[in-house]
Amino acid sequence: MMRRPTRSRLLVVHLLVAVLFLVLLGRLWQVQVLDGDRYARMAAENHTRRVVVPAVRGEIVDDRGRPLARDRAAVRVSVDRAALDRLPDRGRAVLSRLAELLGRPRKQLAARLRPCGPGVNKPCWAGSPYEPVPVAGEVSERVALHLMEREDDLPGVRVERRPVREYPRGTLAAHLLGYLAPGSSGAGRGGAEPTGRDGLEAQYEDDLSGRAGSREVVVDSAGRAVRTVRERAPVPGATLVTSIDARVQAVVEKALKRAAGRVAGAAGSGAAVVMDVRTGRIVALAGYPAYDPSVWTGGIRQTDYERLTSEAHGLPLISRAIQGQWPPASTWKIVSTAAAARAGYPLDGHYDCSGSYRIGDRSFRNFGGANLGGMDLHRALVVSCDTIFYRFAHRMWLKDDGARRPADPMQHMARAFGFGVRTGVDLPGEAAGRVPDRTWKRETWERTRKQTCADARTGYPSVARTDPRRAAYLTAIAKENCDHGYLWTAGDAANFSIGQGDVLVTPLQLARAYAALANGGTLFSPRVGRAVVGRDGRVLREITPPVTGRLPVPDRTLAYIRQALADVPRSGTAAPAFAGFPLDKVPVAGKTGTAEAYGAADTSWFASFAPADHPRLAVVVVVSEGGTGAEAAPRPPVRSGPASTASTAGGPRCPADARPPAFRRPRVSPRPMACPLP
């Protein structure tokens, strides 16, 4: 009776065993037949490594094809950190031997292997931890051969020929070109291969970088390459042709360095822009102080990085032509003249250029208090009369005072000239400048009121201990701003009319505005790039400066202003600086400006275009703390005798009793001094 159930159970067991065998056989067939290729690839990948083959970076050339930045081949030494970590001493002995052969401190090599992160000083490694880390960007052939001969003593050390960026003209056009620095491992162009971090190198990174290649090699258990499995060739980068003229750029930089170098200490800084008024292309763009972009090649040293970012050395990394912001001073009067004409004031009317103009209980003076009598607006621009523009601004302010929708004619004209917004130039990091108005004044007051009122109550005790007069001045200003700093006053309007107060512009913005004045009213978005050209010489893309607007100014008014500016170098505020210059052969039209900054020497401006009768180029120069507008900025290459200050050069002076004691301020974007307002 018991044997039949036992047989049934055995049958079930046999069936289960048979099913299991069938499953195992099916799985084996799937692994070996169906998925055999996939698992074979996975097994191979465990013994292969992907090596990035960097692409040759494209050149940057000037408008005549002269190279400004290019790649050249160099021998580079890199270290595989993973290989060092597998050694008993974690690679300390290898680094010591390598440092001895390279003639460098071991600590320097070890520092380059550190991953970058918070609190880690440069140099450090910003790339993938699985990629070799460059420790010597360029070594001689003799050293390279010596390292390769001692390959067995230096596991994890690689010697390879790689492209290295070079700037054959040194510091020339440094702020335009920018620099390269190691990228992130996710860059898609060779991991941590150098990528553009500023200037044209960054703006046209996609065109210049090309596409990195790759090589897959089989390695043995010791990590040594046995054979190459597959290889994809890199695609070289394209050439960027710019509108820069290297010779003009060199002349501009030399003149700027000579002018700004006369200013003592870190205050000596400035910028210059040369722009083609017909096309909107940049011919030259310079900033001082500059730097050599090759300091980034192979990884920048900590001392060099600190110098480039130090205020004591003038912050050389800052491109002051597009990032520096100053009050434009009397160069701004082309805006105020256009606004006055649009508001109904006749260009040929008779206006009194008195020595001062009173607004409330405060007198706003002409430069030096000069009383020049009656004149039209042509003469007012030539001698840079301030009080005429004070009157215009005051009357416009009175008309707007209490209106539900103030007209703000001068602010509207300033924005129409392209101020208060970025020009859109093909360079990264451009500043927008500032066109202050009622809205800005209130927003600033709301943002700073708490601190301002606290300063008004405490009275700057730390300052009072060393300088009671300065502390009293600052306290009075703080009290006024605390109580009604949100109001756009008549004094604000007066300062605005002559480019003082809180208005800020960049040199490039001013150059664009003068170019629009010169070409009849067309406002361009400037461009440095001219074309992208492939390695085969084929033009891949042309770069054309777009037109962003038209000046809302009649042709008659523009011509009137141009004619007035043509007399500035002949008989106006710039005449001393142009003494001896052949104005009959190269007529220049321009405007001087003297921007005042609280606690600092005057900043010198000169904005111009030439030839005055058929304009081709607009040129703007600014020298921080360079003196009056007739001194540092407008000096042409050909001149005789020292420049002297014209009687009405540039902007205004505050009343003597309102001038505070001097103290140091940052040089990059100084907040201008405004006289105490009514």
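Contact is taken here to mean heavy atoms within 4.5 Å, and it is in this sense that, in the predicted model, helix α21 (residues 555-571) lies across strands β21 and β22. The helix runs at about 70° to β21.

The two strands beneath this description belong to an open sheet of 5 strands, in which the order is β12-β11-β23-β22-β21 and the pairing is antiparallel. The edges of the sheet are occupied by β12 (282-288) and β21 (589-595), each of which has a single partner strand, so that one side of each is left without a neighbour in the sheet. From one strand to the next, the twist averages 5°. Strands of a sheet pair through backbone hydrogen bonds, in either a parallel or an antiparallel sense. In the present case, β21 is joined to β22 (residues 603-610) over 7 bridges in the antiparallel sense, and K591 stands opposite A607 in β22. A second helix, α10 (residues 246-260), lies across β11 (269-276), β12 and β23 (617-624), and runs at about 30° to β12.

Within β22, attention may be drawn to F606, a residue of that strand. Because buried denotes a relative accessible area under 20%, F606, with a relative accessibility of 4%, counts as buried. Its C-alpha atom is 6.2 Å from that of G593, although F606 and G593 are 13 residues apart in sequence.

Another part of the model is organised around helix α6 (residues 141-149), in which V143, A144 and L147 are buried. Seen down the axis of α6, the buried residues fall within an arc of 100°, so they line one face of the helix. The face turned away from this buried side carries R142 and E149, which are exposed. The cover over the buried residues of α6 includes the strands β3 (67-79), β4 (133-139) and β5 (157-166), together with helix α4 (92-102).

Strands β3 and β5 also supply the partners of a salt bridge, which is formed between E166 and R72, with the closest N and O atoms 3.0 Å apart. This pair links distant parts of the chain, since E166 lies in β5 and R72 in β3, with their positions 94 residues apart in sequence. R72 has a relative accessible area of 29% and is therefore partly exposed.

Side chains of opposite charge can pair when their charged atoms come close. A search of the whole structure finds 20 salt bridges, one of which is formed by E205 with R57, where the closest N and O atoms are 2.7 Å apart. E205 lies in helix α9 (residues 205-209), whereas R57 lies in the loop between β1 (48-53) and β2 (60-61), so the pair ties together parts that are 148 residues apart in sequence. Both E205 and R57 are buried. The side chains of D62 and R66 likewise meet in a salt bridge, with an N to O distance of 2.7 Å, and both D62 and R66 are buried. Through salt bridges that share partners, R57, D71, R165, E201 and E205 are joined into one network.

Methods:
Residues are numbered from 1 along each chain as its sequence is written. This is a predicted model: local features need pLDDT of at least 70, side-chain atom pairs count only at pLDDT 80 or more; totals for chains, interfaces and linings use all residues. Side-chain values use heavy atoms; hydrogens and water are left out. Buried means under 20% relative accessible area, exposed over 50%, partly exposed in between (1.4 Å probe, protein chains only). Helices (H or I, at least four residues) and strands (E, at least two) are DSSP runs, numbered from the N terminus. The arc is that of the directions from the helix axis to the C-beta atoms. Two strands pair if DSSP finds at least two bridges between them. Axes are lines fitted to C-alpha atoms, for helices over the stretch in contact, and angles run from 0 to 180 degrees between N-to-C directions. A salt bridge is a side-chain nitrogen of Lys or Arg within 4 Å of a carboxyl oxygen of Asp or Glu.
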